[in-house]
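Reader: I'd like to go through this one by asking about strands, cores and charges in turn. Can you put it up?

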Amino acid sequence: MKTMEEKHLVLLCLAMLVILILTINSVSLIQAVEIELTIYTANDGPLKGAKVFLYNETGELIGSGVTNSKGKVSINIEEGENVVKPTLKVYYMGVLVFSESFSSLIDITSTASPTNPLEVNVYSITFNITDYKERSLPAELSIDGSNGFSFSGEANESGVLRVLIPLSVEEDQENSFTIKVKWQGIEVYSDTRNFIIGEVPSSISIKCEVFPLSIKVYDFTYRYLPHQYFLDETSLKGAKIQLTHPNGTIITFTNSSIYLDKMPKGIYFVKVLWWDSVVLKEEKFWLLPETYLEPVKILCKVYEVTLRF
């Protein structure tokens with residue numbers, strides 16, 4: 001038979017076990033609570049539109065929310081939820097930019113507090129877009145990432161566009177981005193860049209294949225059209241030049257010398273009429289870095305004729 005001392009020892013152990021169970025339940029199963037988190041980008045302050053998810057240790061979702069313009073999000077956790085070893089995940093534009101497990105909710109709130117915001121892997125990059133002579137270009141910029149990120153927008157008149165780019169924290173996911181620029185409907189820049197977390201530049205300069213274009217029209221003896229001959233005191237009409245843009249648009253001029261600024265690279269076609277007659281059916285030329293410095297010379301089938309009576 002057990003002695004009185006042994007019985008007291010057994011009762012003491014049982015009491016301690018009950019206290020331990022109650023303690024565990026009180027920590028893991030909580031009353032309804034609302035926690036507030038503050039989420040920032042890695043280099044440029046509050047992050048708006050980030051989707052924040054909170055999971056328990058078994059992977060069950062116990063709360064979620066979306067950050068506002070100040071980077072703040074409130075997450076409601078219902079009564080009775082298991083919050084042991086919670087995991088916090090943050091997505092931006094469909095890309096997982098933060099994922100970490102914590103020992104308690106208190107650790108999460110202290111890690112993402114207003115005075116100590118959580119910085120996730122979203123980077124603000126300012127793109128400075130210029131033409132080939134490094135003058136501002138309010139062009140259309142598009143970015144497509146291997147991590148699923150996609151963006152399209154237009155730079156301002158100064159050629160500046162700020163973009164928030166998310167980098168995935170998933171181990172098997174690359175952060176490669178194809179950057180393209182279009183001007184007047186033509187692609188004038190394309191490049192692929194790989195970004196590494198913690199080593200993303202704050203600004204990127206893009207020089208596009210956009211050039212000034214000069215066209216000069218001559219008769220068959222290399223004199224400018226139109227000539228200033230007179231008939232009944234009325235000057236002859238000038239040459240009519242039809243320029244076909246690489247995007248298919250036809251631009252018409254009535255001058256023998258044309259200067260167009262900020263034209264995209266590509267194939268152009270020229271047609272010339274003189275007195276409503278076609279004197280140049282079609283001439284093709286390329287506008288490229290190696291050709292734009294010299295004017296395009298167009299030689300037409302117009303001749304000087306001397307009549308003797």
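Reader: How many bridges join strand β1 to β7?

Author: First, a caveat: this is a predicted model, where local features need pLDDT of at least 70, side-chain atom pairs count only at pLDDT 80 or more, and totals for chains, interfaces and linings use all residues. Residues are numbered from 1 along each chain as its sequence is written, and side-chain values use heavy atoms, with hydrogens and water left out. Strands here are DSSP runs of E with at least two residues, numbered from the N terminus, and two of them pair if DSSP finds at least two bridges between them. β1 (residues 33-40) and β7 run parallel, with Y40 standing opposite E119 in β7; the number of bridges joining them is two.

Reader: Which strands stand at the edges of that sheet?

Author: The sheet is open and mixed, with its three strands in the order β4-β1-β7. An edge strand has a single partner, so one side of it is left without a neighbour in the sheet. That applies to β4 (72-77) and β7 (118-119).

Reader: Which strand gives the most to the largest nonpolar core?

Author: A nonpolar core is a set of buried Ala, Val, Leu, Ile, Met, Phe, Trp, Tyr and Cys residues joined through side-chain atoms within 4.5 Å; buried means under 20% relative accessible area, exposed over 50%, partly exposed in between (1.4 Å probe, protein chains only). The largest has 52 residues, and F127, L141 and I165 have the most contacts inside it. With five residues, the top contributor is strand β8 (residues 122-130).

Reader: And how many residues are in the other core, the one with I215 and M263?

Author: That core lies apart from the largest one. V296 and C300 are also among its members, and its size is 24 residues.

Reader: How far apart in the chain are R162 and D44, the salt-bridge pair?

Author: A salt bridge here is a side-chain nitrogen of Lys or Arg within 4 Å of a carboxyl oxygen of Asp or Glu. The closest N and O atoms of R162 and D44 are 2.6 Å apart. R162 sits in strand β11 (residues 160-166) and D44 in the loop between β1 and β2 (51-55), so this pair links distant parts of the chain: they are 118 residues apart.

Reader: In the D131 and R135 salt bridge, which relative accessible area does D131 have?

Author: Their side chains meet at 2.8 Å, N to O, and both belong to a salt-bridge network with D261. R135 counts as partly exposed at 27%. D131, by contrast, is buried, at 0%.

Key
Helix = DSSP H or I, 4+ residues; strand = E, 2+ residues; numbered from the N terminus.
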